[in-house]
Amino acid sequence: MSWSWVFKMAWRDSRSNRRKLFLYMAAIIVGVAAQVAITSFRENLNKSISDQSKELLGADLEVERNAPFQPELLAYLDSISSEQSKMLAFSSMVLFPETGTTRLSQISAMEDGFPFYGHIQTNPAEASDTYLDEFGALVDEAILLQLGLSPGDSVKVGYVTYPIIGAIQDIPGQSMATSVFGPRVLIPLKDVENTGLLERGSRLEHKLYLTYPEGTEPKVIEERLDAMNDSLDFRFDDIAERQQEVGEAVSNLASFLNLIGFIALLLGGIGIASSIFVYIRQKIATVAVLRCVGASSRQAMAIYLIQAGSMGFIGAALGALLGALVQLYLPVLVQDFIPVDIELFISWTSIFTGLFTGVLISIVFALFPLMAIRKISPLFTLRSAEVNLSKLMSLLTRVILYGVITLAVTGYAWIMLGELIAAIIFTFGLGVCLLLLAGFSVLVMKGARKFIPIGWSYEWRQGLSNLYRPNNQTSTLLLTFGLGVTLISSLYLSQDMLLSTIDFEGQDDLPNLALFDIQYDQNDGVNKIIRDNGLEIIQNVPIVTMRIQSVKNISVDKILQDTSRAARRWALTREYRSTYRDSLVDTETLEEGEFIGSVSDLSVPVPISMSSDLLEDLNVALGDTIVWDIQGIPISSYISSTRTVNWQTPQPNFFVVFPTGVLEPAPQFFATTLNTPSKESSLDIQQQIVQAYPNVSAIDVGQIINTVREFLGRITFVIQFIGLFSIITGLIVLAGSATTSRYQRIREAVLLRTLGAKQRQVVRIQVIEYVFLGILASLIGLTLSVGTSVLLGKFYFEIDFTPGFTILATEVVLLVLLVLTIGLLNTRGIHKKPPLEVLRAENI
Amino acid sequence: MSNILQVNNLTREFKSGSKILTVVNDISFGIEEGTSCAIVGPSGSGKTTLLGLCAGLDRPSSGEVILQNIKLNPLSEDERASVRNKHVGFVFQTFQLVPTLTALENVMVPLELRGEATKDVRKRAVQLLEEVGLGDRTHHYPTQLSGGEQQRVAIARAFINEPKILFADEPTGNLDTETGDHVEELIFDLNQKEHTTLILVTHDLELAEKCDRIIKIKNGLVDSDITKEKASVTK
């Protein structure tokens, strides 16, 4: 076989088609760009995490506990190293006196030393070194900017007012997203008790950071701490573990984004296949002539394979370049979630992988139409026959090609996800999606052929029959655009679904402000402020903290020693915050047994009601006994009833409810819920309460929704940014497919005009066709995305999902407009061409 | 003189729904080297199908074709392509030039396919184009040429591999009389000059008359076979 001729021929033959080929190439460019951007970024991240591993923790070891450390644990930690730094972390309301604003914040009471590695970045820079000595506070820069405050102003935490020494820009090991859940405020640990916030009821997290002296064997310490942990119940992290945790999280995120990006590349592949299909159909006569004058079937195929391969290579190279540029933008999107500073560098491995994947996808998908070339008979030179390329391929060839594609996709997903089962599920899901889309397009074409009413106007009939006639764009558009829409819309709907579960705004009967940590002696005062403001208290519930001493007469320690136990550790060891009352509330439904509202005899076990969610985790059932340690006093109880609790309501809900007559004398605090008519009145009452009782925390439902919305918004934006590549690819493929049929359309329009059709009629035919295509593609895409979201909701989030029809309708309108615009742009100039020029031209 | 083309009991059937259509029905004849032969007949008589079978572009349902002492039946499609490349030239009614190649490149294709040195091939292609009167149009694309010019390029392409046999399917069918005459002249001149055997399918009896032999096909059968010197008729 003369290869030089094949290459020469491939070059010569592409000359007049390069503009057309560029559009096909664009699909690959976008797909590869998404790939390269994400894989490069992933490498950047991994390297940054590895380089900054020590800063991730700020120390060699972090030990945490929800209660003060036991002397035994402290003694061991002292024996490891003397370089230690304590921290006390808790949530509390803070007040900014200059503006009168209150905000639920994340307070960290700090000691000298931490971070041992890295530096707390502040504005001014020296603030992090001086705030402890100056007995001042560091506050998140974002909240200061938002409230128009600056260093020099003050922040009141509990009963103590601290001068703000600096604005926090970055804390080693913490991502910016941490502050989404409340601004971070750092204050000195010394005299922190003066804040009055360490009273009973506050959730305090005790932390200890230490460094290892030279020669320390982290493994030995880890093993020892593991052993102690069985009885002392604490958590710890060292650098290796933190690096692994962060690395895994980043890797999961990157793999997920990578797969979304890969879909864009696959769409590009489908685009290539369909474009080459149309391209080869136009080349049948050429191939027949070449076969006639002696070219072998392999030579004929090689000509177009070289064209497809080169197109893939150039596309992939441009895509890699674009990807490297997009990579520069990705850190802006995700920096908030990543606890390290991302260092950017060109990852040649990613670029070569992108190049390889791009060329491979182009060739594998192009093989579909190219294999048909081998069967083009030289006889077509004598008789111009309408050839159905897909029918020229044997079933075996098709099965082999599908097999190769399936293997390639699964293999790639396997590399990305690191798990074969997950990769198979990905390929299977994608396959089902594509099959549904392909099946739908066949249905549409058959339906259009069969059911176009004869009574309809000519424009309607012609526009609709364009859906199935030769060179139609139905399959290509429904596959590529449909898949892109499915992907993006699923993300939107899932986000909407998650938000709808916490969106209580506008539900007047539900509380929108919850006050927590109200001490026993503060309760009447808080209630008075609420009433004085003319507001109604919805709930005012007492809360008593307690721990489990024994279950079914077996002590918790003993249960924990049993490695084959069915009960979960957290359920056995956690601090329970229970209430007492004489009846069930709206958010609860009795499931089993009898709810006993009050008791008088304390000599017999107390009947309690347990949330059915907890039964399995504690491995208990109706009638089982539990002994509680209520701040040193054992109270024996049995489960007299179980309840279903609707946790998704903005009011205090409880795992365990006691009857009245038992817990009244126990130390307790209160939680109160109320409904405020406006955002202003909510802020106003929060200020009044916090100024009077600084330890009381307020949870503003509206603010939580905004917080969650912002957080989800940031995450989904990253995903949508990558998903956008699929939509762009879909649009390019559509444009490519529209361009290939441009000549046919113009010719047809001219013929119609020659036969007397008015310009308006010709335009209407085209509008009808593209509007139909747009509606069908968006409807099938949206249907699939609703299906995906319902399944996600049912099996993953356990939420009943009702799609937001406004979102769906908006999407349909937007998508139809997009398709219509591309379609009409393609036929631009159609009315200016003189019929004769068009009828004579062979290439337009 | 030996036969360059021998056709024995050639039959070609096509399936049309449930019916079988016999387009070429048990035809046998031989063509002597260096002669010219016209295959004539009304539309749909099977003459183009016969030409396709003789040139190895199609496979017969039964019977055999021997071209230049090579039996075509057992050969694969690619092997037949190689035979065509070495021994056969084609001229089609619809010219069949590759639209993306210039006139010169179109002419060069058969030799380039063999892997011959580009310089020599180019020289011969230019020479042939000059011979057909298109020396100044070598770099024009088919769309930039008139029908007659395109057919002249096709003729140059047909002769570049110095074929032993040239198959022409209605070579003047798409041309006006004057251009057609010129193309006819070219084909016969080159045929004589290059000592090529010419097999011509046409329904133009005037053109057929210029050949040494006329085979008339009717309903897939040889209706008559007339050689100019000794008028023998086979029915």
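Begin by selecting strand S7 (residues 165-169) and strand S8 (residues 197-202) of chain B, which run parallel and are joined by five bridges; strands here are DSSP E runs of at least two residues, helices are H or I runs of at least four, and both are numbered from the N terminus. Within this pair, colour Leu166(B) and then Leu198(B), its bridge partner in S8(B). The model is predicted, so local features need pLDDT of at least 70 and side-chain atom pairs count only at pLDDT 80 or more, while totals for chains, interfaces and linings use all residues. Residues are numbered from 1 along each chain as its sequence is written, chains are lettered from A in the order in which they are written, and side-chain values use heavy atoms, without hydrogens and water.

Next, widen the selection to the open sheet of six strands in chain B, whose order is S6-S7-S8-S3-S9-S10 with mixed pairing (two strands pair if DSSP finds at least two bridges between them). Its edge strands, each pairing on one side only, are S6 (88-91) and S10 (221-227) of chain B, and the twist averages 15 degrees from one strand to the next.

Then add helix H5 (residues 147-160) of chain B, which packs on the sheet and touches S6 and S7 of chain B, contact meaning heavy atoms within 4.5 Å. The direction of H5 makes about 175 degrees with that of S6(B), where axes are lines fitted to C-alpha atoms, for helices over the stretch in contact, and angles run from 0 to 180 degrees between N-to-C directions.

Finally, move to chain A and select Leu318(A), which is found in helix H9.
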